[in-house]
Amino acid sequence: MNEYTYPILFGIIAGTVLRVFMMRTDYRQYPTYLHGKIIHLSLGFIAAALGTIAIPSIMEKEFTAVTFLTLAASQFREVRNMERNTLAEMDSYELVPRGNTYIEGIAVAFESRNYLVIFTSFTVTLCYLAVNIWVALGAAVACFVLSSLLMSGSKLGDIVTIEQRELTFDGAGLYVDNIYIMNIGLPERQDEILRYGMGFILTPKSFNIRSTIANLGQRQAILHDVSVTLGVFRDSGTPALVPLIKRDLNDGRIGVFILPQEKDPGRAREVIANVPVLENAIQKPGKRSG
């Protein structure tokens with residue numbers, strides 16, 4: 001044991017605990033329990049060790065050791081590729097798939113969280129060696145708060161108003177409010193849709209939001225989250241029972257048609273409000289570059 005032992009242990013523990021804090025298996029059931037978590041927690045431990053060891057290496061003028069951080073960045077980039085490939089394979093077996101935009105957002109999140117672990121371990125170890133353990137504890141708490149804020153992100157309920165609307169048929173045309181959804185010719189299918197289906201209208205709160213909710217990936221994320229949470233009244237080979245979202249071209253509203261197994265309008269509205277706003281879907285056409 002030497003002067004670096006306790007700072008290194010403290011930094012590794014802080015980084016690993018942060019990765020545990022950021023590891024949440026929610027309604028999307030990803031990462032899977034247990035093996036998926038083991039992979040990500042192991043990578044979090046490695047990231048914490050890399051961030052921690054960088055400080056003693058610099059103090060001992062072993063600058064070549066710091067180059068391992070560059071190697072780590074390339075390896076964690078492979079984490080994004082791994083998540084993307086895994087989720088894309090899983091998506092082909094979903095009754096209501098996530099979509100490529102949602103998958104890319106999840107993959108980026110998993111990569112970025114390893115970098116947050118490196119930053120936390122680096123900062124905590126530096127504070128321990130430069131000042132004392134109490135300042136290091138304060139730095140750890142600050143990093144946890146920062147990570148929590150970065151994890152929260154924006155929700156759909158922040159940018160749109162959500163209202164339930166009745167499903168109606170005009171001949172064979174299915175409508176949510178006045179937004180056309182699709183054509184259903186079979187009377188028995190129309191009866192099933194009216195019995196099990198629900199409709200919602202999402203109205204953007206500003207002009208810029210129109211482009212965001214018009215994004216096909218953002219729309220697919222809404223359908224997937226609702227279907228995972230409330231179930232979906234369909235099976236493979238039943239195209240008439242596919243949940244859909246269509247857009248009103250005049251004012252930018254979108255009509256959401258879902259077929260949940262649990263017909264609970266209040267919970268469906270809550271799920272839609274908590275759908276994450278995908279980073280790749282965010283657009284601000286109202287802003288001009290100078």
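Q: In which sense do strand β6 and β7 pair, and over how many bridges?
A: This is a predicted model. Strand β6 covers residues 244–247, and its pairing with β7 is antiparallel, over four bridges. One contact point to look for is Lys246, which stands opposite Gly255 in β7.

Q: What do β6 and β7 form, and how many residues lie between them?
A: They form a hairpin, with six residues between the two strands. Look at Gly252 in the turn: its phi is positive, about 85°.

Q: Which sense does the pairing of strand β5 and β7 have?
A: Antiparallel again: β5 (residues 198–204) pairs with β7 over five bridges. Here Ile201 has Gly255 of β7 as its bridge partner. Gly255 thus appears in both pairings: opposite Lys246, and as the partner of Ile201.

Q: Is strand β7 largely enclosed or open, and why?
A: Count the buried residues. A residue is buried when its relative accessible area is under 20%. In β7 (residues 254–258), five of the five residues are buried, so the strand is largely enclosed by the rest of the structure.

Q: Which residues of β7 point one way, and which the other?
A: Ile254, Val256 and Ile258 point one way. Gly255 and Phe257 point the other way. Both sets are buried.

Q: How should I read a pair of aromatic rings?
A: Use two values: the distance of the centres and the angle of the planes. The structure holds four aromatic pairs. Take Phe10 and Tyr128: the ring centres are 5.7 Å apart and the planes stand at 55°, so this pair is tilted.

Q: Which parts of the chain does the pair of Phe10 and Tyr128 link?
A: Distant ones. Phe10 is in helix α1 (residues 5–22) and Tyr128 in helix α4 (residues 100–130), 118 residues apart. Both residues are buried.

Q: Are the rings of Tyr196 and Phe233 stacked or tilted, and why?
A: Check the angle against the cut-off: planes under 30 degrees apart count as stacked. The planes of Tyr196 and Phe233 are at 20°, with centres 4.0 Å apart, so the pair is stacked. Tyr196 belongs to helix α6 (residues 187–196), while Phe233 sits in the loop between α8 (216–230) and β6, so the pair ties together parts 37 residues apart in sequence.

Q: How exposed are Tyr196 and Phe233?
A: Tyr196 is partly exposed, at 29% relative accessibility. Phe233 is also partly exposed, with a relative accessible area of 22%.

Q: What volume does the second largest pocket have, and which residues are closest to its centre?
A: The volume is about 190 Å³. Of 13 lining residues, Gln220, Leu223, Pro243, Leu244 and Ile245 are closest to the centre. The elements that give two or more residues to this lining are α8 and β6. The largest share, four residues, comes from α8.

Q: What is the make-up of that lining by class?
A: The lining of the second largest pocket has nine nonpolar, one polar and three charged residues.

Q: How do I read a nonpolar core?
A: Start from the general trend: in soluble globular proteins, nonpolar side chains tend to be buried together. In this model, the largest nonpolar core has 44 residues. Leu156, Phe200, Leu202 and Ile222 touch the most other members. The element that gives the most to this core is α4, with seven residues. A second, separate core has 12 residues, including Leu167, Val176, Ile179 and Leu241.

Q: How many helices and strands does the protein chain have?
A: Nine helices and seven strands. Of the chain's 290 residues, 43% are buried.

Key: Residues numbered from 1 in each chain as written. Predicted model: local features only at pLDDT ≥ 70, side-chain atom pairs only at ≥ 80, totals over all residues. Heavy atoms only, no water. Buried < 20%, exposed > 50% of the residue type's maximum accessible area, 1.4 Å probe, protein only. Pairing = 2+ DSSP bridges. Phe/Tyr/Trp six-rings, centres within 6.5 Å; stacked < 30°, edge-to-face > 60°. 1 Å grid on protein atoms, 1.4 Å probe; cavity = no way out; pocket = protein on both sides within 12 Å on 5 of 7 lines; lining within 4 Å. Points joined across faces, edges and corners; volume = space filled by probe spheres on them. Nonpolar A, V, L, I, M, F, W, Y, C, P; charged D, E, K, R; others polar. Core = buried A, V, L, I, M, F, W, Y, C linked by side-chain atoms within 4.5 Å.
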